[in-house]
Every structure is written in structure tokens, then in C-alpha cells.
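The following paragraphs walk through one protein model. Please keep the sequence and the coordinates at hand while reading.

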Amino acid sequence: ETAVDSAEGAGEEPDLETALFWSMGSTVQMEITTGLTTEYLANLCAFPVTVHINEEEIVLETEEDLEELGLDALYTDGLLEAVKNCDIEKQKIQNGRMVVGDDFNCVVLEMEDSGSPGIKEFYLSGK
């Protein structure tokens, strides 16, 4: 890793957008790996949220939809593992989006109109 790749190596703080994404990414990581409640997860979501399970897509419009789907459906072993092992501060923010997880199982954060990132998508591959 070069100093250019690492904000810390360059002696600079991450910009505001990056800091917001990293902060939300850490919160999402903690919530998903501890799996508390759908109510707490709902606060991190930017509804509508699209859940991609293999080839299937489910759109959650509200907290009630999230509650109905339930954490067991979302918090697969693959997602828990991918999110737990994700190094938040190495994630790139592209087009106002950041991925928390890996190529198969992840959560996509997107900047909301309110100016803070929220969960917009879940990708669950079952791998």
C-alpha cells in the first residue's frame, strides 16, 4: 500500500463523505455481526431496500416489510462472515456507494438526500 492509497499514510484525514461512509460502515458491521433487532437495522436502512438472494429480488419498502422478512433471512452465515471480515477503512466509495462485505455477500450503503449514508441493498449468494 502506498501513501497515496492510505489517507493516514498521507497524513490527511479522510474527507467528510469518506468519514460518513466509514462511520456508517462500522455501525452496520457492528449491527449485522451482533444481530440485535430489525428495529435497529431499520434505522440504518435507506428505504426502499432491495434484497438480492441468488437470482431473486425482494424490495423492502418499509420497516414492516423488513420485520416480515426477518433477520434470519438476511443474516446468512455468508453475510455475517463477509461483513465481519470487511476492513471498513479500505473500502472505496464510488458514485456515492460503498460495499460492506465481499463479492458474494454484502450490504451496499448509498448516500441519502439527508446527507448521510444508509443501507440500500443486500446481496446474499448463499456461498
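Leaving aside residues up to four places away in sequence, Ser125 touches Asn54, Phe104 and Asn105. The model is a predicted one, and Ser125 serves here as the starting point for reading it. Ser125 sits in the segment after strand 5. Its relative accessibility is 18%, so Ser125 counts as buried, the limit being under 20%.

One of the contacts of Ser125 is Asn105. Asn105 belongs to the loop between strand 3 (97–101) and strand 4 (106–111). The side chain of Asn105 reaches the backbone nitrogen of Ser125 at 3.0 Å. Asn105 is buried as well, because its relative accessibility is 1%.

Another contact of Ser125 is Asn54, and this residue leads to a hairpin. The hairpin is made of strand 1 and strand 2, with two residues between the strands, and Asn54 takes a positive phi near 50° there. Strand 1 covers residues 45–53 and strand 2 covers residues 56–60; the two run antiparallel and are joined by five bridges. Within this pairing, His52 has Glu57 in strand 2 as its bridge partner.

Next comes the interior. The largest nonpolar core has 27 residues, and those that touch the most other members are Leu41, Val107, Leu109, Ile119 and Phe122. At least two residues of this core come from each of helix 1 (16–34), helix 2 (38–44), strand 1, helix 4 (71–74), helix 5 (77–84), strand 3, strand 4 and strand 5 (117–124). Helix 1 provides the largest share, with five residues.

What does Val107 touch, not counting residues up to four places away in sequence? Its contacts are Val28, Ile32, Leu79, Val83, Met98, Val99, Val100, Ile119, Glu121 and Phe122. Among them, Ile119 and Phe122 are, like Val107 itself, listed with the core residues that touch the most other members. Glu121, also in contact with Val107, leads on to the charged pairs.

How many salt bridges does the structure hold? There are three. In one of them, the side chains of Glu121 and Arg97 meet at 2.7 Å, N to O. Glu121 lies in strand 5 and Arg97 in strand 3, so this pair ties together parts that are 24 residues apart in sequence. Glu121 counts as buried because its relative accessibility is 12%, whereas Arg97 is partly exposed, with a relative accessible area of 29%.

Arg97 also meets the side chain of Glu110 in a salt bridge, at 2.5 Å, N to O. This pair links distant parts of the chain, with Glu110 in strand 4 and Arg97 in strand 3, 13 residues apart. Glu110 is partly exposed, at a relative accessible area of 23%. Arg97, Glu110 and Glu121 are thus joined into one network by salt bridges that share partners.

A further salt bridge is formed by Asp87 and Lys90, whose closest N and O atoms are 3.2 Å apart. Are these residues buried or exposed? Asp87 is partly exposed, with a relative accessible area of 37%. Lys90 is exposed, because its relative accessible area is 52% and the limit for that class is over 50%.

Methods: Residues are numbered from 1 along each chain as its sequence is written. This is a predicted model: local features need pLDDT of at least 70, side-chain atom pairs count only at pLDDT 80 or more; totals for chains, interfaces and linings use all residues. Side-chain values use heavy atoms; hydrogens and water are left out. Helices (H or I, at least four residues) and strands (E, at least two) are DSSP runs, numbered from the N terminus. Buried means under 20% relative accessible area, exposed over 50%, partly exposed in between (1.4 Å probe, protein chains only). A polar contact is a pair of N or O atoms within 3.5 Å; within protein, one must be able to donate a hydrogen and the other to accept it, and residues adjacent in sequence count only if both atoms are side-chain atoms. Two strands pair if DSSP finds at least two bridges between them. A nonpolar core is a set of buried Ala, Val, Leu, Ile, Met, Phe, Trp, Tyr and Cys residues joined through side-chain atoms within 4.5 Å. Contact means heavy atoms within 4.5 Å. A salt bridge is a side-chain nitrogen of Lys or Arg within 4 Å of a carboxyl oxygen of Asp or Glu.
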